[in-house]
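User: Got a model I'd like to walk through with you. Can you take questions as we go?

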Amino acid sequence: MKSPVPDLAPSDGEEGEDRTPLLQRAPRAETAPVCCSARYNLAFLAFFGFFVLYSLRVNLSVALVDMVDSNTTTADNRTANECAEHSTPIKVLHNQTGKKYRWDAETQGWILGSFFYGYIITQIPAGYVASRSGGKLLLGFGVLGTSVFTLFTPLAADFGVGALIALRALEGLGEGVTFPAMHAMWSSWAPPLERSKLLSISYAGAQLGTVVSLPLSGIVCFYMNWTYVFYLFGIVGIIWFILWIWLVSDTPETHKTISPYEKEYILSSLRNQLSSQKSVPWVPMLKSLALWAIVVAHFSYNWTFYTLLTLLPTYMKEVLRFNIQENGFLSAVPYLGCWLCMILSGQAADNLRAKWNFSTLCVRRVFSLIGMIGPAVFLVAAGFIGCDYSLAVAFLTISTTLGGFCSSGFSINHLDIAPSTLLENGKLFSALLLLSTYLAPLPSHCSPKAKHKTGLLGITVDPETEGTNK
């Protein structure tokens, strides 16, 4: 069997080869039932895990609006009076028992951005640890640690800005291990022809967590006070951790309740992608155009995604002038669209490959282009509409929704071009790619005006794995 290393970065001229099966004589295993299957149970538990992760990540974006003394923000932000007040009076009085802090826009930027400085540190180490000991405990304790730190957020805020920034960076360290750990698990669990579906389901939890967390945080802030936002999501994270440890296994071989038929289906579908390569081929990886295409795609898309994710509530308050209740709901609408798009695009991508005989290369490229160009167009347009509230929300929603196509594009392309069961190669490879996702820095100021730039994609597929992914 040919080593996958030389083919790590195929050129565009090899597109015709991407339909060549890895083993011509290997019969395709019959699909195991989806209902009550261990692999889909893993997908749904992962779904709720990423639901919790993004709830823990974005709740501060809404709570911070209520934590900061509005007089301080208004005096510091020159654009605060750009749009007129338009909210109708609300009969129920806003609860004002939460403590207020006099943090200017720059301080708020440091607080919101500190999470990502911790987040970036654990990407590569997490890939290495997951390759050695599996992703179950790594992901589980990553969520648990973030949940516990979240419970201490009100206390850290009382200690001062430095303590809060340090706590958020620690939360980032905990969440930084999650994507590499989950990718490590999917390399052992996801049959090639179900890869888009399973990964889209599991990672769509991130979008739904955003959808639920933003409005729920606004409601909690309005009727109770901002401290309960952190207590609520912290406790939910601890409950999820208990379920995860109890019900999940690192591999099909170690799962206690998986059926023999499903286990054989998963193992046989991945057997054709086994590699005898034991060392990490760092030089070929770094020379791989495919790898760098995915790095650039991640960098470009996530620059905008995480800026919006963190600062959209600030934009809704300081520019569009929505109150805390409206802020949470309207900030969540774009991510509801993205969540739906991720689920549907995952189904569509696998159907195009399995039933319509589209190559994986074609599907990845088309979905990535839609998910990059569409958001860019509407986000740029949103910067020129002034105070048209309805149009601003509509453009932001369409932009974020179309970004959901990327979940079946470059977001999982590294699993196409790296051997699925080669620990050091496949998992450190995905960790290296995920590192690029978080290199895009957040602005140091809470600027409500978002800018977006995207580059041309060069998504590729290893011709050896394409035979099982087609």
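User: Which residues form a nonpolar patch on the surface?
Analyst: Ile 235, Ile 239, Leu 243, Trp 246 and Leu 247, with about 530 Å² of accessible area together. Patch residues have over 30% relative accessible area and no salt bridge (Lys or Arg side-chain nitrogen within 4 Å of an Asp or Glu carboxyl oxygen). Nonpolar side chains are joined within 5 Å. Areas are Shrake-Rupley, with a 1.4 Å probe and only the protein chains shown as cover.

User: What should I know about the source?
Analyst: This is a predicted model: local features need pLDDT of at least 70, side-chain atom pairs pLDDT 80 or more, while totals for chains, interfaces and linings use all residues. Numbering runs from 1 along each chain as its sequence is written, and side-chain values use heavy atoms, leaving out hydrogens and water.

User: Where does Leu 243 lie?
Analyst: In helix 10, residues 227-247. Helices are DSSP runs of H or I, at least four residues, numbered from the N terminus.

User: Is Leu 243 buried or partly exposed?
Analyst: Partly exposed, because its relative accessibility is 36%. Buried means under 20%, exposed over 50%, partly exposed in between.

User: Switching topic. How many disulfides?
Analyst: Zero, taking a disulfide as two cysteine sulfur atoms within 2.5 Å. For Cys 338, the nearest cysteine sulfur is that of Cys 341, 6.6 Å away.

User: And is Cys 338 buried or exposed?
Analyst: Buried, at 1% relative accessibility. Cys 362 is partly exposed, at 26%.

Definitions and conventions:
Patch = residues over 30% accessible without salt bridge, like charges linked within 9 Å, V, L, I, M, F, W, Y side chains within 5 Å. Helix = DSSP H or I, 4+ residues; strand = E, 2+ residues; numbered from the N terminus. Buried < 20%, exposed > 50% of the residue type's maximum accessible area, 1.4 Å probe, protein only.
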